[in-house]
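Q: Got a minute to go through this one with me? I'd like to start with how the chain is laid out.

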Amino acid sequence: MNYRGPIEDGTWTSQLEAVAFDLGPPLRLHGYAFASDLLRHYSFTEVVFTSLIGEAPTQAQAKLFEVALILLSPLTVAEAPSHAAVLAKLCGSEDAGVLAAGGVVLFDRARVLVEEHAELTHWLDDPTGALPERFLAKTPYERELVGEALRRFGETLPPFATEKLAPNALAFALLLSLGFRKSLALTSVVAIASMASMVSEALPRTAEQRDRYPLDVPPFRYEEDE
């Protein structure tokens, strides 16, 4: 049977369309030359910012972006992305397989975090209003982490940054204030921030360690459909 659809019946240009990159020469990202501009004057985090926002950050914006990335970076083995990456490594997966196994969960976790913090957008439009309770710091560790961020970067942080905010809430509030309003951009930032932490848990594992790892945590069982 000959199936037809919009791809088969369409008329298409023969060239790819670039939005962010100009191949040049010189190679440019949103108009910034890689060799003579980005590589010479900007850090990697600033290049990430430029990629997603379309303009290079000011020094103040770059510092706020760095605070958000640090706050979002912790990812322990008790969380699903790291656990999945470790399991893949213990089961003998190649490097790409380890990254793929952990990465799928990593980006889904990032999606969930973005959805959970969607209401912060409305609060930022009127930060004098009551902050939803789920965005408040609940443990001494969370208050310590946010407090340290305030002590180190306090002079550059916006007025809404207080010790009452949970670390993730402060990170999302900073990202939203910097212009990261599209869910795809937010999701990618969350994943980028925590990817190294995920890899750090899987990196030293070997298949020989498999019998010393709780492979059935959390408990599970396979069920076949009839």
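Q: So in what order do the elements run from the N terminus on?
A: This is a predicted model, and its elements go α-β-β-β-α-α-α-α-α-α-α-α-α from the N terminus on. That comes to 10 helices and 3 strands.

Q: What does the C-alpha trace span along its principal axes?
A: About 60 × 55 × 35 Å.

Q: And how many of the residues count as buried, as a percentage?
A: 36% of the 226 residues. The accessible surface is about 14,500 Å², with 57% of that belonging to carbon and sulfur atoms.

Q: What about contacts, how much comes from residues 24 or more positions apart?
A: If you take contacts with a separation of 6 or more, residues 24 or more positions apart account for 61% of them.

Q: Charges next. How many positive and negative side chains are there?
A: There are 19 positive and 31 negative side chains in the protein. The centres of the two sets lie 5 Å apart.

Q: OK, pockets. What volume does the largest one have?
A: The largest pocket has about 360 Å³.

Q: Which elements give two or more residues to its lining?
A: Helices α4 (59–72), α6 (95–116), α8 (140–153) and α9 (167–177) do. The lining has 21 residues in total, and the ones nearest the pocket centre are Leu113, Glu142, Ala166, Pro167 and Asn168.

Q: Let me jump to Leu136. Where is that?
A: Leu136 sits in the loop between α7 (120–125) and α8. Leaving out residues up to four places away in sequence, Leu136 touches Leu131, Glu142, Lys164, Leu165 and Ala166. Two of those names came up a moment ago, since Glu142 and Ala166 are among the residues nearest the centre of the largest pocket.

Q: Why does Leu136 count as partly exposed?
A: Because its relative accessible area is 26%, and partly exposed runs from 20% to 50%.

Q: How far is Leu136 from Arg210?
A: Their C-alpha atoms are separated by 39 Å, and the two residues are 74 apart along the chain.

Q: Switching to Ser194: buried or exposed?
A: Ser194 is buried, because its relative accessibility is 1% and the cut-off for buried is under 20%. Ser194 is found in helix α10, residues 183–202.

Q: What does Ser194 touch, not counting residues up to four places away in sequence?
A: Leu72, Ser73, Leu75, Leu106 and Arg109. Of these, Leu72 belongs to the α4 range, while Leu106 and Arg109 belong to α6.

Q: Now the backbone. Which residues does a cis peptide bond join?
A: One cis bond joins Gly24 and Pro25, with omega about 5 degrees. Another joins Pro25 and Pro26, and there omega is about 0 degrees. Most peptide bonds are trans.

Q: Where do those prolines lie?
A: Pro25 is in the loop between β1 (21–22) and β2 (28–29), and Pro26 lies in the loop between β1 and β2 as well.

Q: What's phi doing at His30?
A: Phi of His30 is near 50 degrees, a positive value in a residue that isn't glycine. Most residues other than glycine have a negative phi.

Q: And where does His30 lie?
A: In the loop between β2 and β3 (32–33). His30 counts as partly exposed because its relative accessible area is 27%.

Terms used: Residues numbered from 1 in each chain as written. Predicted model: local features only at pLDDT ≥ 70, side-chain atom pairs only at ≥ 80, totals over all residues. Heavy atoms only, no water. Helix = DSSP H or I, 4+ residues; strand = E, 2+ residues; numbered from the N terminus. Buried < 20%, exposed > 50% of the residue type's maximum accessible area, 1.4 Å probe, protein only. Contact = heavy atoms within 4.5 Å. Areas by Shrake-Rupley, 256 points an atom, 1.4 Å probe, with all protein chains shown as cover. Lys, Arg positive; Asp, Glu negative; His and termini not counted. Charge placed at Lys NZ, Arg CZ, Asp CG, Glu CD. 1 Å grid on protein atoms, 1.4 Å probe; cavity = no way out; pocket = protein on both sides within 12 Å on 5 of 7 lines; lining within 4 Å. Points joined across faces, edges and corners; volume = space filled by probe spheres on them.
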